[in-house]
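This report goes through selected features of one protein model. It covers the surface, the sheet, two buried positions and the charged pairs.

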Amino acid sequence: MSTENSKSFTPSRIFKSRRDSHDDLPIEGWPMGTATLLTEIDKKMMVVLRDNRTLIGYLRSIDQFGNLALHQTIERIYVGSKYGDIPRGIFIVRGENAVLLGELDQTRDVGLIEQVSVEEILNAQRREQEAKQEKNKVLAKALRERGLSFVNDLVQEDQF
């Protein structure tokens, strides 16, 4: 039996084997956590925030709290089968607000959604929010008639 097969399974061993361009970082023995994101520095990343906003930018820095610094950031807004990109520049994300972080595959072209202008996507987002507010008003009225209450602020503020 070889010594490689007899070694115990650890996530850090698998993570080390998946490294590609950052072979000089001492990943072996590091605990899984924000430190493992150091291998993602200078890659184009997508970040989904707690308020359901989507940011795309180059990860330039990360600290022990999971705070992120993104460069050349755009905010991508999705409405139905359309999306629009709003340039934001340098963007600092507090770690507790990041729900999802992943590398963006730039070689994959998803032809299912259509890119539209900033004005068009903002108008579509506004119409969608107005429709949602109207639906919530009808729901709140129906619940009040049955003696129940509907807390609209909590539903809108934090998606995750």
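## A nonpolar surface patch

Tyr78, Leu112 and Ile113 make a nonpolar surface patch of about 310 Å². The model that shows this patch is predicted.

Leu112, one of the patch residues, lies in the loop between β5 and β6. With a relative accessible area of 75%, Leu112 counts as exposed, because the cut-off for that class is over 50%.

## The sheet

Six strands form an open sheet with mixed pairing, in the order β5-β1-β2-β3-β4-β6. The edge positions are taken by β5 (98-103) and β6 (114-115); each has a single partner strand, so one side of each is left without a neighbour in the sheet.

Strands of a sheet pair through backbone hydrogen bonds, in either a parallel or an antiparallel sense. Between β4 and β6 the pairing is parallel and runs over two bridges. Tyr83 has Gln115 of β6 as its bridge partner.

## Val116, after the edge strand

Val116 is placed in the loop between β6 and α3 (118-145). Its relative accessibility is 11%, so Val116 counts as buried, the limit being under 20%.

Which residues does Val116 contact, leaving aside its neighbours within four places in sequence? They are Lys82, Tyr83, Gly84 and Ile121. For Gly84, the C-alpha atom is separated from that of Val116 by 5.4 Å, although the two residues are 32 residues apart along the chain.

## Asp85, a buried acidic residue

Asp85 belongs to strand β4, which spans residues 82-93. Is Asp85 buried or exposed? Its relative accessible area is 16%, so Asp85 is buried by the same limit of under 20%.

The side chain of Asp85 makes a polar contact of 2.7 Å with the side chain of Arg76. Arg76 is also among the residues that Asp85 touches, not counting those up to four places away in sequence; the others are Ile74, Glu75, Gln115 and Val118. Of these, Gln115 is the residue of β6 that bridges to Tyr83.

## Salt bridges

Side chains of opposite charge can pair when their charged atoms come close. The structure holds nine salt bridges.

Lys82 and Glu120 form one salt bridge, with their closest N and O atoms 3.5 Å apart. This pair links distant parts of the chain, as Lys82 is in strand β4 and Glu120 in helix α3, 38 residues apart. Lys82 has a relative accessible area of 30% and is partly exposed; Glu120, at 37% relative accessibility, also counts as partly exposed. Lys82 appears among the contacts of Val116 as well.

Arg53 and Asp51 meet through their side chains in another salt bridge, at 2.9 Å from N to O. Arg53 is partly exposed, with a relative accessible area of 32%, and Asp51 is partly exposed at 36% relative accessibility. In the salt bridge between Arg94 and Glu96, the closest N and O atoms are 3.3 Å apart, and both Arg94 and Glu96 are exposed. Finally, a network of salt bridges links Glu40, Lys43 and Glu103.

Conventions:
Residues numbered from 1 in each chain as written. Predicted model: local features only at pLDDT ≥ 70, side-chain atom pairs only at ≥ 80, totals over all residues. Heavy atoms only, no water. Helix = DSSP H or I, 4+ residues; strand = E, 2+ residues; numbered from the N terminus. Buried < 20%, exposed > 50% of the residue type's maximum accessible area, 1.4 Å probe, protein only. Polar contact = N/O pair within 3.5 Å; in protein donor to acceptor, adjacent residues only side chain to side chain. Contact = heavy atoms within 4.5 Å. Pairing = 2+ DSSP bridges. Patch = residues over 30% accessible without salt bridge, like charges linked within 9 Å, V, L, I, M, F, W, Y side chains within 5 Å. Areas by Shrake-Rupley, 256 points an atom, 1.4 Å probe, with all protein chains shown as cover. Salt bridge = Lys/Arg side-chain N within 4 Å of Asp/Glu carboxyl O.
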